[in-house]
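Here are a few friendly notes to read alongside the structure. I have kept each point short so that you can check it on screen as you go.

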Amino acid sequence: MPGSMEGHVIHNYTMMMGNKKNTKFLYLTLAIIISLLFVFEAWQPSDIDSTPPVTTSYWKHNHPPPLGRRANATILILARNSELAGVISSVKQLEDRWNKNFHYPYVFLNDEPFDANFKRRVKELTDSQVEFGLIPLPDWVQPDWIDESIASKNREHLVKQGVIYGGSVSYRNMCRFNSGFFYRHELLTKYQFYWRVEPDVTYYCDIDYDPFLVMQDQDKLYGFTIALTEWKKTIPTLWKSVKEFTREYPQYVSPHNAVDFISDDGGYSYNTCHFWSNFEIANMDLWRGEAYTKFFDFLDKKGGFYYERWGDAPVHSIAVSLFARRDQIHYFSDIGYKHEYFSNCPQGEQHRRGKCWCDSKSSYQLKNGALQITSCLARYEDLFK
Ligand SMILES: Nc1nc2c(ncn2[C@@H]2O[C@H](COP(=O)(O)OP(=O)(O)O)[C@@H](O)[C@H]2O)c(=O)[nH]1
Ligand SMILES: *[C@@H]1O[C@H](CO)[C@@H](O)[C@H](O)[C@H]1NC(C)=O
Ligand SMILES: [Mg+2]
């Protein structure tokens, strides 16, 4: 195209001017016109729609997992539609720091259907399979054998004492669901391990290995990052119920248990230590097994999820401490993690290896830090002395 246009232009100009004096002027004009034609050519939009951005040829999706194998596992997120922004933040960090190299699938659960925008925004963040599930109503409702007049009086009492979520029934539904129902949901039955993620958490470090394979290969049942004490007002009769259960079913208590994590007097009283369950990497065999199934039903019948405000964290922690071997509980010290207001920041070589951006000195789990009083990490570490 440029060739034929040039020929046409030259022909016209020689006809009009055909004069030696003007040769210089002619060449100059020609040069300008030809340059303009090239510039014009570059501006033509004709190619833009059909030419893919050149970077696509550098993209590489779906790297195989570094060890060539994956565990039977999923990332599990319970959330509301209104928490989309916090969910996006958590998922993006987990993808960037870890899962874009491992491609574990996601399961999202909600007591209401997820809306189209929620699903679209979440699916944009990952190449992994993402499934969205609805929680069956009976798994997310105050059972009819709870006496509502007692329950509501007790809720008011907790509100007066300033206990967080003291008056909330939906929070209690959530705690009961996370204690006894999530692992029976139809989207989870096909998996053995899960990594629980909440909206608005922070992952501080690169995780260049597969925590699920660590769990699977080393026969771990429960993994945590933060261990701390619970507010006694939320669980006044929990330990009494636990002791009743273990008296009735002593066969479920492991001979190599971790009772010294949850009790400072050999099991007489509960020290309120628990693993913070907003982060959990665990094997659902633990929850699906006979011991925990009986344990959950026993606690559920006591009514403490509604008459008090039993959390899934103390319930899970007490169960794993009693029914598992203590070496089946794993501290992921190298996973930099924060859920308001506490964090686990790796120390020393682990901080360097993970390229962590948290300050090691700020870690709630510091062994000799000022925050140590309410941290239960020392009790966990003492189990192995
Ligand atoms: N679908 C749904 N999820 C909830 C509800 N309440 C809490 N959650 C989820 O349960 C988890 C714990 O709740 P959160 O509000 O973070 O409680 P906190 O971490 O104890 O302060 C989070 O993943 C929430 O998204 C609810 O009513 N519906
Ligand atoms: C994964 O684990 C679940 C639960 O134990 C099991 O039903 C399923 O068959 C397992 N899947 C694979 C691929 O091993
Ligand atoms: Mg939370």
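1. A definition to start with: two strands count as paired if DSSP finds at least two bridges between them. Strands β5 and β11 (residues 337-339) are joined by 2 bridges and run antiparallel. Please keep in mind throughout that this is a predicted model.

2. That pair belongs to an open sheet of 3 strands, ordered β5-β11-β12, with antiparallel pairing. At its edges lie β5 (202-203) and β12 (342-344), each of which pairs on one side only. If you would like a residue to click on, try Tyr203, which stands opposite Tyr337 in β11.

3. Now to strand β1 (residues 73-78). How many of its residues are buried? The count is 6 of 6, so to speak of a mostly covered strand is fair. In a regular strand the side chains alternate between the two faces of the sheet. Here Ala73, Ile75 and Ile77 are buried on one side of β1, and Thr74, Leu76 and Leu78 are buried on the other.

4. Which strands does β1 pair with? One is β4 (residues 193-196), in the parallel sense and over 4 bridges; within β4, Arg196 is the bridge partner of Leu76. Another is β2 (residues 106-110), also parallel to β1 and joined to it by 4 bridges. There, Ile77 has Phe108 as its bridge partner.

5. The connection is worth tracing by eye: β1, helix α3 (residues 84-97) and β2 make up a β-α-β unit, and this unit is right-handed.

6. What surrounds ligand 1? The shell includes Leu78, which is also one of the buried residues of β1. Others in the shell are Ala79, Arg80, Glu83, Asn110, Asp111, Ser170, Met174, Glu198, Pro199 and Asn278. By character, the shell residues divide into 4 nonpolar, 3 polar and 4 charged.

7. Helix α11 (residues 290-302) passes a simple length check: at 1.5 Å a residue, its 13 residues should span 18 Å, and the end C-alpha atoms are 19 Å apart, which agrees.

8. The same helix shows two contrasting sides. Tyr292, Phe295 and Leu299 of α11 are buried. They cover an arc of only 60° around the axis, which places them on the same side of α11. An α-helix has 3.6 residues a turn, so residues three or four places apart point the same way. Glu290, Asp297 and Lys301, on the other side of α11, are exposed.

Key:
Residues numbered from 1 in each chain as written. Chains lettered and ligands numbered in written order. Predicted model: local features only at pLDDT ≥ 70, side-chain atom pairs only at ≥ 80, totals over all residues. Near = placed C-beta within 6 Å. Nonpolar A, V, L, I, M, F, W, Y, C, P; charged D, E, K, R; others polar. Buried ≥ 20, exposed ≤ 12 C-beta atoms within 10 Å, placed from the backbone. Right-handed = clockwise from strand over helix to strand, strands pointing away. Expected span 1.5 Å × (residues − 1). Arc of directions from axis to C-beta.
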